[in-house]
Amino acid sequence: MLDLIKTRCGIAAAVTVYDDDIQSYIEDALEDLKDSGVSSTLLTEEAPCVVTAVTLYVKAYLGNDRSDTEKYMNLYRQKAFRLMLKEADEETDEAVETEDTSETTDSSEAEEETSDTEESSEETVSDDAAEEEDA
């Protein structure tokens, strides 16, 4: 992730003087995202949305001229908030899919019970008809 963040910040790969600072900011950003409730899965996969959030964090703190720190931190906070919502949306989607699956299973079972009931009713009717014919 370090090389990608450096590239996004406009720092050539050959320039290593900022590497320790950038790595420290990357770790801080990832920890902050984790504490904010972003999924560990997203963080370990280094999803593009996470890399963007980390880049914004690094841009906010990197360098001596901090005139745009507030701008980048606001963008970072917005991105972190969307990442938290993304995780909540995925959990909701999974819950809905699970409910849909269980509803499908329940309706299948109900249909089977209905057809079993209909079959036993037909057998009873045919038994009754046979008894009437015998009488």
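**An all-helix fold and its core**

Read from one end of the sequence to the other, the protein runs α-α-α-α-α. The model is a predicted one, and its secondary structure adds up to five helices and zero strands. Of the 135 residues in the protein, 25% are buried.

Now for the inside. The largest nonpolar core holds 27 residues, and the members that touch the most others are Ile 22, Leu 33, Val 50, Val 54, Val 58 and Leu 83. Helix H1 (2-8), H2, helix H3 (40-45), helix H4 (48-61) and helix H5 (69-134) each chip in with at least two residues of this core. The biggest giver is H4, which puts in nine residues.

Helix H5 is also home to Tyr 72. With a relative accessible area of 16%, Tyr 72 falls under the 20% cut-off and so counts as buried. Its C-alpha atom sits 5.6 Å from that of Leu 56, a residue 16 positions away along the chain.

The surface has a charged spot of its own. Glu 27, Asp 28, Glu 31, Asp 32 and Asp 35 come together there as a patch of negative charge. One of these residues, Asp 28, belongs to helix H2, which spans residues 19-35. Asp 28 has a relative accessibility of 38%, so it is classed as partly exposed, whereas Tyr 72 in helix H5 is buried at 16%.

Technical notes. Residues are numbered from 1 along each chain as its sequence is written. This is a predicted model: local features need pLDDT of at least 70, side-chain atom pairs count only at pLDDT 80 or more; totals for chains, interfaces and linings use all residues. Side-chain values use heavy atoms; hydrogens and water are left out. Patches are made of residues with over 30% relative accessible area and no salt bridge: like charges are joined within 9 Å, nonpolar side chains (Val, Leu, Ile, Met, Phe, Trp, Tyr) within 5 Å. Accessible areas come from the Shrake-Rupley method with a 1.4 Å probe; for residues, only the protein chains shown count as cover. A salt bridge is a side-chain nitrogen of Lys or Arg within 4 Å of a carboxyl oxygen of Asp or Glu. Lys and Arg count as positive and Asp and Glu as negative; His and the chain ends are not counted. The place of a charge is taken as NZ of Lys, CZ of Arg, CG of Asp or CD of Glu. Helices (H or I, at least four residues) and strands (E, at least two) are DSSP runs, numbered from the N terminus. Buried means under 20% relative accessible area, exposed over 50%, partly exposed in between (1.4 Å probe, protein chains only). A nonpolar core is a set of buried Ala, Val, Leu, Ile, Met, Phe, Trp, Tyr and Cys residues joined through side-chain atoms within 4.5 Å.
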